[in-house]
Amino acid sequence: MSVVVPMYNEAGNVPALLDRIVENVDGIDGAPTYEILVVDDGSTDGTADAVREELRRRPNLALIRLSRNFGHQLAATAGIELAAGDAIVLMDGDLQDPPELIAQFFARWRDGYDVVYAVRRTRKGESPFKLFTAGLFYRTIKRLTKVSIPVDTGDFRLMSRRVVEALRRLPERHRFLRGMVSWVGYRQTGVEYDRDERTWGATKYPIPTMLRFAVDGITSFSDIPLRFASYFGFSVSAIAFLYALVVVVAKLLRVYPPGYTPGWASTIVAVVFLGGVQLISLGILGEYLGRIYDEVKGRPLYLIDDIERS
Ligand code: UDP
Ligand code: MG
(Lines give C-alpha, C1' and ligand atoms only; values in the text may rest on other atoms or scores of the structure.)
(Ligands and ions follow the chains in the order given, each with its own letter.)
Protein backbone atom coordinates (compact mmCIF):
# COMPACT_ATOMS: atom_id res chain seq x y z
CA MET A 1 0.00 0.00 0.00
CA SER A 2 1.12 3.53 -0.69
CA VAL A 3 -0.21 6.44 1.34
CA VAL A 4 0.25 9.75 -0.46
CA VAL A 5 0.03 13.01 1.50
CA PRO A 6 0.48 16.38 -0.23
CA MET A 7 1.56 19.01 2.27
CA TYR A 8 1.89 22.75 2.08
CA ASN A 9 2.95 24.37 5.35
CA GLU A 10 1.77 21.54 7.59
CA ALA A 11 4.89 21.26 9.79
CA GLY A 12 2.90 21.02 13.01
CA ASN A 13 0.80 18.15 11.70
CA VAL A 14 3.63 15.86 10.58
CA PRO A 15 4.37 13.73 13.70
CA ALA A 16 0.74 13.15 14.73
CA LEU A 17 -0.31 12.37 11.18
CA LEU A 18 2.45 9.83 10.59
CA ASP A 19 1.78 8.19 13.97
CA ARG A 20 -1.86 7.72 13.13
CA ILE A 21 -1.25 6.47 9.62
CA VAL A 22 1.29 3.89 10.77
CA GLU A 23 -0.88 2.79 13.68
CA ASN A 24 -3.85 2.22 11.39
CA VAL A 25 -2.00 0.57 8.53
CA ASP A 26 -0.22 -1.77 10.95
CA GLY A 27 -3.59 -2.58 12.49
CA ILE A 28 -5.05 -3.88 9.21
CA ASP A 29 -5.22 -7.62 9.36
CA GLY A 30 -2.76 -9.29 7.09
CA ALA A 31 -0.66 -6.14 7.75
CA PRO A 32 0.15 -5.03 4.19
CA THR A 33 3.61 -3.72 3.47
CA TYR A 34 3.39 0.01 2.99
CA GLU A 35 5.17 3.21 2.08
CA ILE A 36 4.19 6.74 3.05
CA LEU A 37 4.95 9.44 0.49
CA VAL A 38 4.87 12.99 1.78
CA VAL A 39 4.91 15.51 -1.05
CA ASP A 40 6.23 18.83 0.18
CA ASP A 41 4.57 21.32 -2.13
CA GLY A 42 7.09 24.14 -1.70
CA SER A 43 6.37 24.71 2.00
CA THR A 44 8.03 27.66 3.70
CA ASP A 45 7.39 26.69 7.33
CA GLY A 46 9.88 23.86 7.79
CA THR A 47 7.54 21.04 6.77
CA ALA A 48 10.48 19.36 5.00
CA ASP A 49 12.59 19.48 8.16
CA ALA A 50 9.75 18.05 10.21
CA VAL A 51 9.52 15.13 7.77
CA ARG A 52 13.32 14.68 7.75
CA GLU A 53 13.17 14.36 11.52
CA GLU A 54 10.72 11.46 11.03
CA LEU A 55 12.84 9.92 8.28
CA ARG A 56 15.54 9.31 10.89
CA ARG A 57 13.31 7.22 13.11
CA ARG A 58 10.74 5.60 10.81
CA PRO A 59 11.02 3.06 8.02
CA ASN A 60 9.01 3.19 4.77
CA LEU A 61 8.80 6.95 4.62
CA ALA A 62 9.68 9.14 1.64
CA LEU A 63 9.87 12.90 1.33
CA ILE A 64 9.32 14.22 -2.17
CA ARG A 65 10.13 17.89 -2.45
CA LEU A 66 8.71 19.79 -5.38
CA SER A 67 10.71 22.67 -6.83
CA ARG A 68 8.08 25.20 -5.72
CA ASN A 69 4.42 25.38 -4.73
CA PHE A 70 2.38 23.77 -7.51
CA GLY A 71 -0.94 23.48 -5.69
CA HIS A 72 -2.79 20.65 -4.01
CA GLN A 73 -3.97 18.80 -7.12
CA LEU A 74 -0.55 18.76 -8.77
CA ALA A 75 1.23 17.80 -5.55
CA ALA A 76 -1.21 14.92 -5.17
CA THR A 77 -0.54 13.93 -8.79
CA ALA A 78 3.21 13.88 -8.15
CA GLY A 79 2.75 11.57 -5.17
CA ILE A 80 0.37 9.25 -6.98
CA GLU A 81 2.71 8.94 -9.94
CA LEU A 82 5.63 7.99 -7.68
CA ALA A 83 3.65 5.53 -5.57
CA ALA A 84 4.62 1.90 -6.01
CA GLY A 85 1.75 0.22 -4.15
CA ASP A 86 -1.03 -1.99 -5.52
CA ALA A 87 -3.45 0.09 -3.47
CA ILE A 88 -2.80 3.83 -3.31
CA VAL A 89 -4.42 6.00 -0.63
CA LEU A 90 -4.55 9.77 -1.10
CA MET A 91 -5.21 11.93 1.94
CA ASP A 92 -4.81 15.47 3.28
CA GLY A 93 -2.01 16.31 5.68
CA ASP A 94 -4.07 18.13 8.29
CA LEU A 95 -5.83 15.12 9.86
CA GLN A 96 -9.17 16.21 8.46
CA ASP A 97 -9.15 12.87 6.70
CA PRO A 98 -9.04 10.33 9.54
CA PRO A 99 -6.49 7.55 8.93
CA GLU A 100 -8.93 5.20 10.72
CA LEU A 101 -10.80 4.92 7.40
CA ILE A 102 -7.84 3.36 5.62
CA ALA A 103 -8.69 -0.07 7.03
CA GLN A 104 -12.23 0.17 5.62
CA PHE A 105 -10.87 1.34 2.25
CA PHE A 106 -8.49 -1.60 2.21
CA ALA A 107 -11.25 -4.11 3.03
CA ARG A 108 -13.35 -2.85 0.12
CA TRP A 109 -10.35 -2.98 -2.17
CA ARG A 110 -9.87 -6.61 -1.18
CA ASP A 111 -13.55 -7.16 -2.02
CA GLY A 112 -12.61 -6.16 -5.56
CA TYR A 113 -13.34 -2.44 -5.72
CA ASP A 114 -10.95 -0.24 -7.70
CA VAL A 115 -11.84 3.04 -6.04
CA VAL A 116 -13.07 3.55 -2.50
CA TYR A 117 -13.80 7.18 -1.76
CA ALA A 118 -14.76 8.83 1.52
CA VAL A 119 -18.14 10.58 1.61
CA ARG A 120 -18.48 13.39 4.14
CA ARG A 121 -21.52 12.77 6.27
CA THR A 122 -20.76 15.82 8.40
CA ARG A 123 -17.98 18.38 8.35
CA LYS A 124 -16.72 19.77 11.64
CA GLY A 125 -15.13 23.19 11.98
CA GLU A 126 -16.22 24.56 8.59
CA SER A 127 -18.00 27.89 8.28
CA PRO A 128 -21.66 27.88 7.20
CA PHE A 129 -20.47 29.72 4.10
CA LYS A 130 -18.05 26.94 3.12
CA LEU A 131 -20.68 24.26 3.78
CA PHE A 132 -23.24 26.13 1.68
CA THR A 133 -20.93 26.87 -1.26
CA ALA A 134 -19.50 23.34 -1.21
CA GLY A 135 -23.02 21.87 -1.24
CA LEU A 136 -24.02 24.15 -4.12
CA PHE A 137 -20.87 23.28 -6.04
CA TYR A 138 -21.21 19.50 -5.79
CA ARG A 139 -24.83 19.69 -6.89
CA THR A 140 -24.13 22.10 -9.77
CA ILE A 141 -21.32 19.99 -11.15
CA LYS A 142 -23.53 16.92 -10.89
CA ARG A 143 -26.12 18.60 -13.12
CA LEU A 144 -23.60 19.99 -15.60
CA THR A 145 -21.56 16.89 -16.33
CA LYS A 146 -22.20 13.49 -17.77
CA VAL A 147 -19.57 11.85 -15.57
CA SER A 148 -21.18 11.01 -12.25
CA ILE A 149 -18.96 12.67 -9.69
CA PRO A 150 -20.07 11.60 -6.20
CA VAL A 151 -21.56 14.39 -4.07
CA ASP A 152 -19.77 15.59 -0.88
CA THR A 153 -16.61 13.69 -1.70
CA GLY A 154 -13.11 15.11 -1.55
CA ASP A 155 -9.86 13.57 -2.65
CA PHE A 156 -9.56 11.20 0.33
CA ARG A 157 -9.73 7.79 -1.33
CA LEU A 158 -8.03 4.54 -2.17
CA MET A 159 -7.26 3.68 -5.79
CA SER A 160 -6.14 0.43 -7.33
CA ARG A 161 -3.01 0.16 -9.42
CA ARG A 162 -4.92 0.16 -12.69
CA VAL A 163 -6.81 3.33 -11.77
CA VAL A 164 -3.53 5.08 -11.02
CA GLU A 165 -2.10 3.85 -14.31
CA ALA A 166 -5.20 5.19 -16.06
CA LEU A 167 -4.81 8.57 -14.34
CA ARG A 168 -1.31 8.84 -15.74
CA ARG A 169 -2.89 8.86 -19.16
CA LEU A 170 -4.97 11.95 -18.37
CA PRO A 171 -2.32 14.60 -18.87
CA GLU A 172 -4.39 17.72 -18.24
CA ARG A 173 -2.95 20.61 -16.25
CA HIS A 174 -6.11 21.97 -14.68
CA ARG A 175 -6.74 18.91 -12.63
CA PHE A 176 -9.89 18.07 -10.80
CA LEU A 177 -8.75 14.72 -9.48
CA ARG A 178 -12.01 13.59 -7.93
CA GLY A 179 -13.71 14.05 -11.31
CA MET A 180 -10.88 12.39 -13.21
CA VAL A 181 -11.05 9.34 -10.95
CA SER A 182 -14.81 9.09 -11.60
CA TRP A 183 -14.16 9.38 -15.32
CA VAL A 184 -11.81 6.39 -15.22
CA GLY A 185 -14.68 4.12 -14.18
CA TYR A 186 -14.20 0.50 -13.02
CA ARG A 187 -15.83 -0.49 -9.75
CA GLN A 188 -16.17 2.41 -7.34
CA THR A 189 -17.79 2.69 -3.97
CA GLY A 190 -18.04 5.13 -1.06
CA VAL A 191 -17.56 4.92 2.68
CA GLU A 192 -19.27 7.53 4.88
CA TYR A 193 -17.43 9.42 7.60
CA ASP A 194 -17.56 12.50 9.77
CA ARG A 195 -14.94 14.98 8.69
CA ASP A 196 -12.83 16.34 11.52
CA GLU A 197 -11.53 19.80 12.10
CA ARG A 198 -8.06 20.73 11.00
CA THR A 199 -5.74 19.94 13.92
CA TRP A 200 -3.08 22.55 13.22
CA GLY A 201 -2.48 25.49 10.87
CA ALA A 202 -4.81 27.23 8.45
CA THR A 203 -6.71 26.18 5.35
CA LYS A 204 -4.92 26.57 2.02
CA TYR A 205 -8.22 26.96 0.20
CA PRO A 206 -9.28 30.56 0.81
CA ILE A 207 -12.28 31.73 -1.19
CA PRO A 208 -10.47 32.80 -4.41
CA THR A 209 -8.60 29.46 -4.56
CA MET A 210 -11.83 27.59 -3.90
CA LEU A 211 -13.48 29.49 -6.72
CA ARG A 212 -10.68 28.71 -9.20
CA PHE A 213 -10.91 25.06 -8.20
CA ALA A 214 -14.68 25.08 -8.77
CA VAL A 215 -14.24 26.64 -12.22
CA ASP A 216 -11.55 24.05 -13.03
CA GLY A 217 -13.93 21.30 -12.02
CA ILE A 218 -16.76 22.57 -14.16
CA THR A 219 -14.72 23.50 -17.23
CA SER A 220 -12.84 20.19 -17.23
CA PHE A 221 -15.99 18.14 -17.15
CA SER A 222 -18.67 20.14 -18.92
CA ASP A 223 -19.09 22.18 -22.09
CA ILE A 224 -22.58 23.34 -21.15
CA PRO A 225 -21.35 26.83 -20.13
CA LEU A 226 -20.00 27.24 -23.67
CA ARG A 227 -23.46 26.61 -25.05
CA PHE A 228 -24.96 29.11 -22.62
CA ALA A 229 -24.40 31.92 -25.17
CA SER A 230 -26.41 30.16 -27.87
CA TYR A 231 -29.24 29.20 -25.50
CA PHE A 232 -29.46 32.77 -24.32
CA GLY A 233 -29.20 34.11 -27.85
CA PHE A 234 -32.09 31.95 -28.98
CA SER A 235 -34.30 32.83 -26.03
CA VAL A 236 -33.63 36.55 -26.34
CA SER A 237 -34.24 36.45 -30.10
CA ALA A 238 -37.54 34.66 -29.60
CA ILE A 239 -38.71 37.25 -27.09
CA ALA A 240 -37.46 40.09 -29.31
CA PHE A 241 -39.37 38.67 -32.26
CA LEU A 242 -42.62 38.49 -30.32
CA TYR A 243 -42.08 42.01 -29.04
CA ALA A 244 -41.39 43.29 -32.55
CA LEU A 245 -44.63 41.71 -33.70
CA VAL A 246 -46.56 43.43 -30.93
CA VAL A 247 -44.97 46.78 -31.76
CA VAL A 248 -45.74 46.51 -35.46
CA VAL A 249 -49.34 45.46 -34.86
CA ALA A 250 -49.80 48.27 -32.31
CA LYS A 251 -48.35 50.77 -34.78
CA LEU A 252 -50.67 49.60 -37.56
CA LEU A 253 -53.75 49.71 -35.32
CA ARG A 254 -52.61 52.95 -33.70
CA VAL A 255 -53.17 51.54 -30.19
CA TYR A 256 -50.60 52.45 -27.56
CA PRO A 257 -50.30 51.22 -23.99
CA PRO A 258 -51.08 53.85 -21.29
CA GLY A 259 -48.14 56.07 -20.34
CA TYR A 260 -46.44 55.33 -23.64
CA THR A 261 -43.35 57.40 -24.42
CA PRO A 262 -41.60 56.05 -27.45
CA GLY A 263 -38.10 54.66 -27.34
CA TRP A 264 -36.11 55.39 -24.21
CA ALA A 265 -36.77 52.61 -21.69
CA SER A 266 -36.84 49.76 -24.16
CA THR A 267 -33.62 50.95 -25.78
CA ILE A 268 -31.72 51.19 -22.49
CA VAL A 269 -32.99 47.81 -21.29
CA ALA A 270 -32.07 46.11 -24.56
CA VAL A 271 -28.58 47.65 -24.62
CA VAL A 272 -27.77 46.89 -20.97
CA PHE A 273 -29.18 43.39 -21.06
CA LEU A 274 -27.56 42.35 -24.32
CA GLY A 275 -24.27 43.95 -23.22
CA GLY A 276 -24.37 41.82 -20.07
CA VAL A 277 -25.13 38.63 -21.96
CA GLN A 278 -22.33 39.30 -24.42
CA LEU A 279 -19.76 39.97 -21.71
CA ILE A 280 -20.72 36.82 -19.81
CA SER A 281 -20.45 34.80 -23.00
CA LEU A 282 -17.05 36.29 -23.79
CA GLY A 283 -15.92 35.55 -20.25
CA ILE A 284 -16.93 31.91 -20.61
CA LEU A 285 -15.06 31.69 -23.91
CA GLY A 286 -12.06 33.24 -22.16
CA GLU A 287 -12.11 30.62 -19.39
CA TYR A 288 -11.98 27.79 -21.88
CA LEU A 289 -9.49 29.55 -24.14
CA GLY A 290 -7.14 30.15 -21.20
CA ARG A 291 -7.26 26.46 -20.39
CA ILE A 292 -6.61 25.47 -23.99
CA TYR A 293 -3.60 27.81 -23.98
CA ASP A 294 -2.25 26.22 -20.81
CA GLU A 295 -2.71 22.71 -22.16
CA VAL A 296 -1.19 23.53 -25.54
CA LYS A 297 2.05 24.69 -23.92
CA GLY A 298 2.48 21.09 -22.78
CA ARG A 299 4.64 21.94 -19.79
CA PRO A 300 5.35 19.29 -17.17
CA LEU A 301 2.76 19.21 -14.38
CA TYR A 302 5.35 19.54 -11.62
CA LEU A 303 9.10 19.45 -11.07
CA ILE A 304 10.77 17.42 -8.35
CA ASP A 305 13.62 18.94 -6.40
CA ASP A 306 14.67 15.76 -4.64
CA ILE A 307 13.47 12.58 -2.99
CA GLU A 308 14.70 11.35 0.38
CA ARG A 309 13.81 7.91 1.69
CA SER A 310 14.27 6.13 4.99
N1 UDP B 1 -2.01 21.58 -0.14
C2 UDP B 1 -0.91 21.45 -0.99
N3 UDP B 1 -0.57 22.49 -1.80
C4 UDP B 1 -1.27 23.68 -1.80
C5 UDP B 1 -2.39 23.79 -0.95
C6 UDP B 1 -2.75 22.72 -0.13
O7 UDP B 1 -0.26 20.41 -1.01
O8 UDP B 1 -0.90 24.57 -2.55
C9 UDP B 1 -2.38 20.47 0.75
C10 UDP B 1 -2.55 20.85 2.21
O11 UDP B 1 -1.31 20.87 2.89
C12 UDP B 1 -3.48 19.77 2.71
C13 UDP B 1 -4.36 19.48 1.50
O14 UDP B 1 -3.64 19.99 0.37
O15 UDP B 1 -2.78 18.59 3.05
C16 UDP B 1 -5.73 20.11 1.59
O17 UDP B 1 -5.62 21.51 1.88
P18 UDP B 1 -6.48 22.22 3.01
O19 UDP B 1 -6.57 21.34 4.21
O20 UDP B 1 -5.89 23.56 3.23
O21 UDP B 1 -7.90 22.35 2.31
P22 UDP B 1 -9.32 22.33 3.04
O23 UDP B 1 -9.37 21.07 3.88
O24 UDP B 1 -9.36 23.57 3.88
O25 UDP B 1 -10.30 22.32 1.92
MG1 MG C 1 -8.03 20.62 5.30
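Q: Which strands does helix α1 lie across, and how is its direction given?
A: In this predicted model, helix α1 (residues 14-27) lies across β1, β2 (35-40) and β3 (61-66), where contact means heavy atoms within 4.5 Å. Helix α1 runs at about 165 degrees to β1; the axes are lines fitted to C-alpha atoms, for helices over the stretch in contact, and angles run from 0 to 180 degrees between N-to-C directions. Helices (H or I, at least four residues) and strands (E, at least two) are DSSP runs numbered from the N terminus.

Q: What makes α6 a helix that packs on the sheet?
A: Helix α6 (residues 161-168) touches β4 (87-90), β5 and β6 (153-160), and its direction makes about 115 degrees with that of β6.

Q: How do you know that β5 and β7 are paired?
A: Pairing requires at least two DSSP bridges between two strands. Eight bridges join β5 (residues 115-123) to β7, and the two run parallel, so the pair meets the definition. One bridge partner in β7 is V191, facing A118.

Q: Why are β7 and β8 called edge strands?
A: The open sheet has eight strands in the order β7-β5-β6-β4-β1-β2-β3-β8, with mixed pairing. Both β7 (188-195) and β8 (304-309) have a single partner strand, so one side of each lacks a neighbour in the sheet. Neighbouring strands are turned by 20 degrees against each other on average, direction ignored.

Q: What makes the contact of Q96 with ligand 1 a polar contact?
A: A side-chain N or O atom of Q96 is 2.6 Å from an oxygen atom of ligand 1, and the limit for a pair of N or O atoms is 3.5 Å. The protein buries 93% of the 520 Å² that ligand 1 exposes when taken alone, by the Shrake-Rupley method with a 1.4 Å probe.

Residues are numbered from 1 along each chain, with chains lettered from A and ligands numbered from 1 as written. Local features need pLDDT of at least 70, side-chain atom pairs 80 or more, while totals for chains, interfaces and linings use all residues, and side-chain values use heavy atoms, without hydrogens or water.

How values were computed: Polar contact = N/O pair within 3.5 Å; in protein donor to acceptor, adjacent residues only side chain to side chain.
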